[in-house]
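Subject: Structure for your review

Dear colleague,

Please find below the structure I wished to pass on to you, together with its sequence. My notes on what was found in it follow directly after.

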Amino acid sequence: MRFVQDIPHPHFRIGLYAWNSKYIVKIEAGLYEQTYKINELDLTDSSALSSMLDEPFLNRVALRFQEMNADWMASGERNDVF
């Protein structure tokens, strides 16, 4: 996997990678990560990906991170791990 660039954001670490004719967008927050794969042929260039990371999309990403944390914590409590 080849690193292409970091995409600045105040709350997330967002990295863009290229691998097997796909762009991979990794969005990280704390212990959690969301990954999105986009076929290189579907985009004119990698800069188009930055425009896809708009406020409505990233708001949904933030909600998903909260849900991931809630699910993880609930599983830990259910199984007497936490």
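Strands E3 and E4 pair in the antiparallel sense, with eight bridges between them. I should state at once that this is a predicted model. Within this pairing, Tyr-23 has Ile-38 of E4 as its bridge partner. The two strands form a hairpin with two residues between them, and Gly-30 there takes a positive phi near 60°.

On E2, strand E3 (residues 22-29) is joined by seven bridges, and these two strands also run antiparallel. Tyr-23 appears here too, as the partner in E3 of Ala-18. E2 and E3 likewise form a hairpin, with two residues between the strands.

The turn of that hairpin deserves a separate remark. Asn-20 lies in the loop between E2 and E3, and its phi is near 50°, a positive value in a residue other than glycine. Ser-21 lies in this loop as well; its phi is positive, near 60°, and it too is a residue other than glycine. As to accessibility, Asn-20 is exposed, with a relative accessible area of 53%, whereas Ser-21 is partly exposed at 48%.

Strand E1 (residues 2-7) is joined to E2 by five bridges, again in an antiparallel arrangement. A hairpin of five residues connects E1 to E2, and Asp-6 stands opposite Gly-15 of E2. Strand E2 (residues 13-19) is itself mostly covered, five of its seven residues being buried.

Turning to the interior, the largest nonpolar core has 16 residues, of which Phe-12, Ile-14, Val-25, Ile-27, Leu-49, Leu-58 and Phe-65 touch the most other members. The elements that give two or more residues to this core are E2, E3, strand E4 (32-39) and helix H2 (55-78). E3 gives the most, with four residues. As general background, nonpolar side chains in soluble globular proteins tend to be buried together.

Ile-27 illustrates the surroundings of a core residue. Leaving aside residues up to four places away in sequence, Ile-27 touches Phe-12, Arg-13, Ile-14, Tyr-32, Glu-33, Gln-34, Tyr-36, Phe-57, Leu-58, Val-61 and Phe-65.

How many salt bridges does a search of the whole structure find? The search finds two. In one of them, Arg-13 is joined to Asp-6, with the closest N and O atoms 3.9 Å apart. In another, the side chains of Glu-28 and Arg-13 meet at 3.1 Å, N to O. The latter pair links distant parts of the chain, Glu-28 being in strand E3 and Arg-13 in strand E2, 15 residues apart. Asp-6, Arg-13 and Glu-28 are thus linked in a network of salt bridges.

Are the residues of this network buried or exposed? Arg-13 is partly exposed, with a relative accessible area of 41%. Asp-6 counts as partly exposed at 42%, and Glu-28 counts as partly exposed at 24%. For Glu-28, the classification follows because the value lies above the 20% under which a residue is called buried.

With kind regards

Methods:
Residues numbered from 1 in each chain as written. Predicted model: local features only at pLDDT ≥ 70, side-chain atom pairs only at ≥ 80, totals over all residues. Heavy atoms only, no water. Buried < 20%, exposed > 50% of the residue type's maximum accessible area, 1.4 Å probe, protein only. Pairing = 2+ DSSP bridges. Core = buried A, V, L, I, M, F, W, Y, C linked by side-chain atoms within 4.5 Å. Contact = heavy atoms within 4.5 Å. Salt bridge = Lys/Arg side-chain N within 4 Å of Asp/Glu carboxyl O.
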